[in-house]
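User: Please take a close look at one part of this structure, the open sheet and the loops and salt bridges around it. A connected account would suit me better than a list.

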Amino acid sequence: MSGRIHVVGLGPGDDRHRTPAAEDALREARHLVGYGPYLARIALRDGQTAHASDNREELDRARRALRLAAEGETVALVSSGDAGVFAMAATLFEAIEVEGAADVEITVVPGVTAMIAAAARTGAPLGHDFCAISLSDNLKPWDTVLARVRAAAEADFVMALYNPISKARPWQLGKALETLRGLRAPDTPVIFATAVSRPDEDIAVTPLSDARPEMADMRTLVIVGSSETRCVPRGDDGVWVYTPRKAPVPA
Ligand code: SAH
């Protein structure tokens, strides 16, 4: 009997942002495979086994899920946010491309990705055209990252920057902000949304001229506004950030 893999996005943190479909998939699985801290967010049921792995072992993790499913098991392969956004769903298909088609039923269950959760906390910064870029140069050359940041700025997209900084990648965000300062107005709103929907959530909105890499850590999603993104008062000294739905007609 062939098994099943549910690739499940757990959402950004708060269980209430996890979809009922994701809960169903987690309930149905006998094996839960994923990065340790993500598995820790799931309450194990009787008969379920958790297979925790290190953050860097993504391909091994996908292979383990495929192996278990090939033995007839039902597996949940979990990611935070959405599993298709800089996460395990693509790694699973990469493993299948390398190893050949598996006789396994696969479903990908969507989740609330960090940029959607961060945008909701701050207003509607993604109200008009936007893109998402991972600043990590672990899986692509830094020149590619910077070329994409530059192109997105020139095309006037709002940008959601994932993986902005880590101990192993301390300087990349500073370089990206410096590049953006050359292409966008100093008062462009920049959002640093850290640990959104978790107990230690921290949100800061600052003009591009004041944006500093120290405002981010590896749990931060950075949103850089377009030329149209603006702030409106919130009524509590803070601001809402939004991007109007209508772009101006060029003169
Ligand atoms: N699959 C995930 C993204 C994984 S990449 C998703 O869809 O959200 C990891 C990056 O996601 C982090 O470096 C950070 O930029 C962002 N991220 C994940 N969870 C977050 C949260 N709760 N708050 C802010 N950013 C988060």
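Analyst: What follows describes the open sheet, then the loops beside it, and ends with the N-terminal region for context. The model is a predicted one.

The open sheet has five strands in the order 7-8-11-9-10, and its pairing is mixed. At the edges stand strand 7 (130–134) and strand 10 (202–207); each has a single partner strand, so one side of each is left without a neighbour in the sheet. From one strand to the next, the twist averages 15 degrees.

At the edge formed by strand 7, the pairing with strand 8 (residues 158–162) is parallel and runs over five bridges. Within this pairing, A132 has A160 of strand 8 as its bridge partner. Helix 6 (residues 142–154) packs on the sheet and touches both strand 7 and strand 8. The direction of helix 6 makes about 165 degrees with that of strand 7.

The loop that follows helix 6 takes part in a salt bridge. The side chains of R184 and D156 meet there, at 3.7 Å from N to O. D156 belongs to the loop between helix 6 and strand 8, while R184 belongs to the loop between helix 7 (172–181) and strand 9 (189–194), so the pair ties together parts that are 28 residues apart in sequence. The two partners differ in exposure: R184 is buried, with a relative accessible area of 6%, whereas D156 is partly exposed at 31%.

A second salt bridge involves the loops around strand 10. D200 pairs with R219, and their closest N and O atoms are 2.4 Å apart. D200 sits in the loop between strand 9 and strand 10, and R219 in the loop between strand 10 and strand 11, so this pair ties together parts that are 19 residues apart in sequence. Here both residues are partly exposed, D200 at 41% relative accessibility and R219 at 36%.

The loop between strand 10 and strand 11 (220–224) also holds M218. M218 is exposed, with a relative accessible area of 58%; the cut-off for that class is over 50%. Leaving aside residues up to four places away in sequence, M218 touches I165 and S166. The C-alpha atoms of M218 and L177 are separated by 16 Å, and these two residues are 41 apart along the chain.

The salt bridges described so far belong to a set of 15 found in a search of the whole structure. In the N-terminal region, the side chains of D14 and R16 meet in another, at 2.7 Å from N to O. D14 is buried, with a relative accessible area of 17%, and R16 is exposed at 70%. Salt bridges also link D15, R18 and E23 in a network.

Of the residues in that network, E23 falls within the range of helix 1 (residues 20–28), where A22, A25 and L26 are buried. Viewed down the axis of helix 1, its buried residues fall within an arc of 100 degrees, so they line one face of the helix. The buried residues of helix 1 pack against four strands: strand 1 (4–9), strand 2 (31–35), strand 4 (74–79) and strand 5 (105–109).

Technical notes. Residues numbered from 1 in each chain as written. Predicted model: local features only at pLDDT ≥ 70, side-chain atom pairs only at ≥ 80, totals over all residues. Heavy atoms only, no water. Buried < 20%, exposed > 50% of the residue type's maximum accessible area, 1.4 Å probe, protein only. Helix = DSSP H or I, 4+ residues; strand = E, 2+ residues; numbered from the N terminus. Arc of directions from axis to C-beta. Contact = heavy atoms within 4.5 Å. Pairing = 2+ DSSP bridges. Axes fitted to C-alpha atoms, helices over the stretch in contact; angles between N-to-C directions. Salt bridge = Lys/Arg side-chain N within 4 Å of Asp/Glu carboxyl O.
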